[in-house]
Amino acid sequence: MPSTSLVVPLAEAHFHQLHAVLDEVAREKRYLAMLQAPPREQTFAFLRESLSNRNPHVVALLDGQVVGWCDVLPVFGEARRHVGTLGIGLVRRARHRGLGRALLEAAIAGAWVKGLARIELTVRADNHNARELYERLGFQHEGRQYGTFQVDGETFDSHAMALLRDGPR
Ligand SMILES: CC(C)(COP(=O)(O)OP(=O)(O)OC[C@H]1O[C@@H](n2cnc3c(N)ncnc32)[C@H](O)[C@@H]1OP(=O)(O)O)[C@@H](O)C(=O)NCCC(=O)NCCS
């Protein structure tokens, strides 16, 4: 039977599975700044705050199971109220079937509806899959950042990327 995939807004019912998804992606140690999920209660508190802030925060479902997320979170400072920072992840078995693009498109649309004008992100330089997907969706490179990630004694660079609501500069 073909599998059914769907991108929906985050809801409290997703919290348990989303915590496991976050932990699985973090433990790959190749993509995220965190190398394991924070404890469950801490993750749930973060997710509850995201819901109450009405952040663009969506999850991907594959056959009814949470397999990924994309969020655009506020950054500090009144002068940066128009900016959000993007995070995304899918468990390995859910990649390369268009869900990454679907998650990004939903979160980006939500960000513009919320009134944001700039979405920024940091992607590890060796994460070609994510970088290419961001480029396809219009994110611009804003520069290489040196020595930004350290995992198991190895140091990695990253790229700063951003998408502007009103188009490229
Ligand atoms: C980055 C990430 C979210 C991208 O998601 P994804 O689902 O793999 O992305 P998509 O499927 O939308 O697109 C990726 C590829 O799948 C291809 N694809 C899209 N739909 C497809 C389908 N139905 N069948 C087969 N391939 C498909 C795309 O063409 C693309 O291929 P290409 O890169 O060879 O051109 C995912 O790889 C991931 O979670 N990675 C680990 C976490 C991570 O890197 N987070 C970002 C940190 S900055």
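**View 1. Leucine 121 and its opposite residue in the strand 5 and strand 7 pair of the predicted model.** Leucine 121 stands opposite methionine 161 in strand 7. The two strands, strand 5 (residues 118-124) and strand 7 (residues 154-164), run antiparallel and are joined over seven bridges. Helix 4 (residues 128-136) packs on the sheet, where it touches strand 4 (83-90), strand 5, strand 6 and strand 7, and its direction makes about 155° with that of strand 5.

**View 2. The open sheet of seven strands.** The strands follow the order 1-2-3-4-5-7-6, and their pairing is mixed. Strand 1 (5-9) and strand 6 (140-151) each have a single partner strand, so one side of each is left without a neighbour in the sheet. From one strand to the next, the twist averages 25°.

**View 3. Two aromatic pairs.** The ring centres of phenylalanine 15 and phenylalanine 44 lie 5.6 Å apart with their planes at 50°, so this pair is tilted. Phenylalanine 15 belongs to helix 1 (residues 15-26) and phenylalanine 44 to helix 2 (residues 40-53), so that the pair links distant parts of the chain, 29 residues apart. Phenylalanine 15 is buried, with a relative accessible area of 2%, and phenylalanine 44 is buried at 6%. The rings of tyrosine 134 and phenylalanine 139, with centres 5.5 Å apart and planes at 55°, also form a tilted pair; tyrosine 134 is buried at 7% relative accessibility, and phenylalanine 139 is buried at 4%.

**View 4. Arginine 124 over the face of phenylalanine 156.** Arginine 124 is placed at 3.6 Å from the ring centre of phenylalanine 156.

Definitions and conventions
Residues are numbered from 1 along each chain as its sequence is written. This is a predicted model: local features need pLDDT of at least 70, side-chain atom pairs count only at pLDDT 80 or more; totals for chains, interfaces and linings use all residues. Side-chain values use heavy atoms; hydrogens and water are left out. Two strands pair if DSSP finds at least two bridges between them. Helices (H or I, at least four residues) and strands (E, at least two) are DSSP runs, numbered from the N terminus. Axes are lines fitted to C-alpha atoms, for helices over the stretch in contact, and angles run from 0 to 180 degrees between N-to-C directions. Contact means heavy atoms within 4.5 Å. Rings of Phe, Tyr and Trp (its six-membered ring) pair if their centres lie within 6.5 Å; planes under 30 degrees apart count as stacked, over 60 as edge-to-face and the rest as tilted. Buried means under 20% relative accessible area, exposed over 50%, partly exposed in between (1.4 Å probe, protein chains only). A charge sits over a ring if NZ of Lys or CZ of Arg is within 6 Å of the ring centre and within 35 degrees of the ring normal.
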